[in-house]
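Thanks for sharing this one. Here are a few friendly notes on its cysteines and on one of its helices.

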Amino acid sequence: MTKKQGACGIVCEWNPLHAGHIRLIERAKTKYSAVVAVMSGPFVQRGLPAVTDKWTRAAQAIRHGVDLVLEVPQGFVLQSADRYAAGAIQVLAAVPAVCAIAFGVEETALREAPFSENATFEKDLVRRLRQGLSYRRAFSLASGRNWLPNQILAKQYEKALKEQNLSWEILKVARPSTSPTATQLRRALRSLREESIAAKTEANSDLLLQHPALKDLADPAIVLSHPLGGSVEKLFSYVQARAILDPLDFSRSPHYEAGMEYRLEAALQQADSLEDAINAASNKRQSKSRYRRMLLTTLLGIQKTDIAPLSYVRPLAFNRTGAALLRDVILPIYQKTPGRLRPGAYDPLFLTDQKAQRLYEWLYDLENLDLTQSFYHKR
């Protein structure tokens, strides 16, 4: 089959990269001459730290067929689904060669009748969101149909394309129901790591690498060598102390609703871990992801503002094809971080990214990764 000229875009987190993601990349690669991915950085949209650092995930993507990986600013990532999608599409649109977008959807969703939004639906959706419901729950109730997370994101990508006047081809790739999700793989990884610690064995030993739970993981040795979230409890200790000594002001967070701070602060005093506190504070109206995002956006200073126009791009990894695509980008390209970041010299989104990266590295006891990265990777 003759490939179409131009690049196909993928919005991703690859947390972690698995066989389903690789199928998506391969499908895009069979139709287009290049693949551009825009990826969440240190913290993902659910308000959790990524299982491996952003440069490791980006390098993995290049090895598995992607040509260029750009970072989606944290100010876009830690938002509701519609704002996250709008920001990610902005990043993809900064690469002139991109003329299509590919994403995975559940097999059952592809068989459903198309859903068309109208004025009645929009009004009902807004009403339910104002009640404090999560976007997915509000969307499902307003449409009268249960929507899975990937379906919600797919709808938001299509909406963002329309709002940004982008007439890209849309490539929907079925996700087999038998394939494990990234969430299931993260749980398996965490369980295996806990078992290895209890047994005093190396986390990346041959025994673990051959475990059937990891058969769909793209590069298990790489992922198992990472701390995998255990040191998030450092964040728990810090936030717990702040709740007593100098409570955080959550009111400026995009996810704040009156009363959420009291539920979270009370839960922090009773819980043994951050996840336990968030489980205790969350409810049908305010999801666990919303509480996580409220906490992170408060720590990083991300406020209730509209998605700003993108004024730069940040490449994380590219091959020769990706380098050629970057040459056509008209926005400033930020790569390695200078020693001192002057607030007036850089986009506020980029400064927030730097804060997020420093927080991530503190959680995992990592050095300044910005100073040691190689962006060019051979296939």
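The points below take the cysteines before the helix.

1. A word on the basis: this is a predicted model, where local features need pLDDT of at least 70, side-chain atom pairs count only at pLDDT 80 or more, and totals for chains, interfaces and linings use all residues. Residues are numbered from 1 along each chain as its sequence is written, and side-chain values use heavy atoms, with hydrogens and water left out.

2. Searching the whole structure for disulfides (pairs of cysteine sulfur atoms within 2.5 Å) gives zero. C8 is in none, and its nearest cysteine sulfur, in C99, lies 7.7 Å away. For C12, the closest cysteine sulfur is that of C8, at 12 Å, which is too far for a bond.

3. Both of these cysteines can be placed by their accessibility, where buried means under 20% relative accessible area, exposed over 50%, and partly exposed in between (1.4 Å probe, protein chains only). C8 is buried at 0%, and C12 is buried at 5%.

4. Helix α15 covers residues 288-300 (helices are DSSP runs of H or I, at least four residues, numbered from the N terminus). Its 13 residues reach 18 Å from first C-alpha to last, close to the 18 Å expected at 1.5 Å a residue; that expectation is 1.5 Å times one less than the number of residues. After α15 comes G301, with a positive phi near 75 degrees.

5. How many residues of α15 are buried? The count is 11 of 13, so the helix is mostly covered. Among them are R290, Y291, R292 and R293. The cover includes α12 (232-245), α13 (260-270), α14 (274-281) and α17 (348-364), with contact meaning heavy atoms within 4.5 Å.

Terms used. Helix = DSSP H or I, 4+ residues; strand = E, 2+ residues; numbered from the N terminus.
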